[in-house]
Amino acid sequence: MKSQKILNDPVYGFITIPSELIFTIIDHPYFQRLRRIKQLGLTDFVYPGALHTRFHHAIGAMHLMSITLDNLRNKGTEITDEEYEAALIAILLHDIGHGPFSHALEYSLLKGVPHEDLSLLIIELLNQEFGGKLDLTLRIFKNKYERKFFHQLVSSQLDIDRLDYLQRDCFFTGVSEGTIGADRIIKMMDVKNDQVVIEEKGIYSIENFLSARRLMYWQVYLHKTTVSAEKMLIKLIERAKFLRQSGDRFTVTEEFDFFLLNDPTLLDFRTKPDLLTLFLEMDDLDIWGAIKLWKNHPDYVLRNISQMFLTRNLFKINLTNEPFSAEEIEQLKEKTISKLQIPEGDLVYFFSHGAVSNYGYLAKDRINILTKKGKVIDVAQAADLPNIKVMSKIVEKHYVCKAKSLNLTY
């Protein structure tokens, strides 16, 4: 390698890039693009420090994976150098398929094309470019490798992805209640019958991890102001798509323009390699650039929502435990039309309602505890952890989100 490359990470301190191949992947334009996609989308409207990127997160997850694999080796799990590198690359690239604003635009800018599927296609593309050096990474990523615990470390209820993003998001938002103690969890990890297990003495760290994750969802990821901002962004893109597909032309980047004009399917991405390369040219800056241009657009919907973003004049949102009745929704719609003085057909851009849900633990995707007697049990079955049974229940909250006022003059 050119020299032993080291990055200084605010969460973990110095991180060493362990191989030439990994350094080349990090240097690749597809990966460097993650510097321009914020990890938490619009959450900085609530927590001003939440400006970290997918790039930060991917590097951090790779670092935690290396610590985890070293720990497993020390406990007697045989891991070859090839497996070690492949697992690091799998976690490094697990989020590479995220588009602008990550989850917020996953189903509006690209309809029905999940980022996990795009990540897989991009890893396959990189594998071709690197002459098959990512074959094992792909097998681990797709859960096709015979040693199943590697995939569990990349994707499960206690994967390295979650360990990093919870720590990182706590750090940058300042929400200290979400702290999880990843170091201890990693030290308690082992492999038994090809499954990742947690030693019994680490059980309270797991309980804390599940509680912290649930809390972070309500306090950060599903914070009502974040939900409101995301709904606004979705409505803005829907309007831009409608106008573009009706024949309007915008001054936006070529890549963004293509995705406003077209609605490619997952099959299109699989069969037309140029589409993937076009997608990989897009990031948050395409959207922010457009918003700055649209703030003076003749279309009042595009103009108003863009101005609202730039001045943080977000939609008003009510979040409740009980669902709104059909009558309540109709009354709120009528009030909104009357207050905003807009045609009924345009209400869809300034009013939305629905539900957000959160769970702490899904029993179908077990977290395994290794008891002192060598028995493997589901964490929810541990006798003195009634909280985890409670956390298995999916909690739903209902919202109504609407614009407060509009500027109808131009």
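Hi everyone, let's start with one residue: R244 sits in helix α11, which covers residues 224-245. Please keep in mind that this is a predicted model.

So, is R244 buried or exposed? Its relative accessibility is 6%, and buried means under 20%, so R244 counts as buried. Who are the neighbours of R244? If we skip residues up to four places away in sequence, R244 touches R249, F250, D257, L260 and L261. One name in that list deserves a second look, namely D257. The side chains of R244 and D257 are joined by a polar contact of 2.6 Å.

Now let's move on to the strands, beginning with β4, residues 195-199. Four of its five residues are buried, so β4 is largely enclosed by the rest of the structure. Which way do β3 and β4 run relative to each other, parallel or antiparallel? They run antiparallel, and four bridges join β4 to β3, which spans residues 189-192. If you want to find one of these pairs on your screen, look for D190, whose bridge partner in β4 is V197. β3 and β4 form a hairpin, with two residues between the strands. In that turn you will find N193, which has a positive phi of about 50°.

β4 also pairs with β7, residues 368-370. This time the strands run parallel, and three bridges join them. Here you can look for E199, which has L370 of β7 as its bridge partner.

Next, let's turn to another sheet. What is the order of its strands? It is β5-β9-β6, an open sheet of three strands with antiparallel pairing. β5 (316-320) and β6 (351-358) are the edge strands, and each of them pairs on one side only. On average, neighbouring strands in this sheet are turned by 20° against each other, ignoring direction.

How many bridges join β6 to β9? There are eight, and these two strands run antiparallel, with β9 covering residues 395-402. As an example, S357 stands opposite E396 in β9. A helix comes in here too: α10, residues 203-221, packs on the sheet and touches both β6 and β9. The direction of α10 makes about 170° with that of β6.

One general tip while you look at the strands: in a regular strand, side chains alternate between the two faces of the sheet.

To wrap up, remember R244 with its polar contact to D257, the β3 and β4 hairpin, and helix α10 packing on the sheet where it touches β6 and β9. Thanks for listening!

How values were computed:
Residues numbered from 1 in each chain as written. Predicted model: local features only at pLDDT ≥ 70, side-chain atom pairs only at ≥ 80, totals over all residues. Heavy atoms only, no water. Buried < 20%, exposed > 50% of the residue type's maximum accessible area, 1.4 Å probe, protein only. Polar contact = N/O pair within 3.5 Å; in protein donor to acceptor, adjacent residues only side chain to side chain. Contact = heavy atoms within 4.5 Å. Pairing = 2+ DSSP bridges. Axes fitted to C-alpha atoms, helices over the stretch in contact; angles between N-to-C directions.
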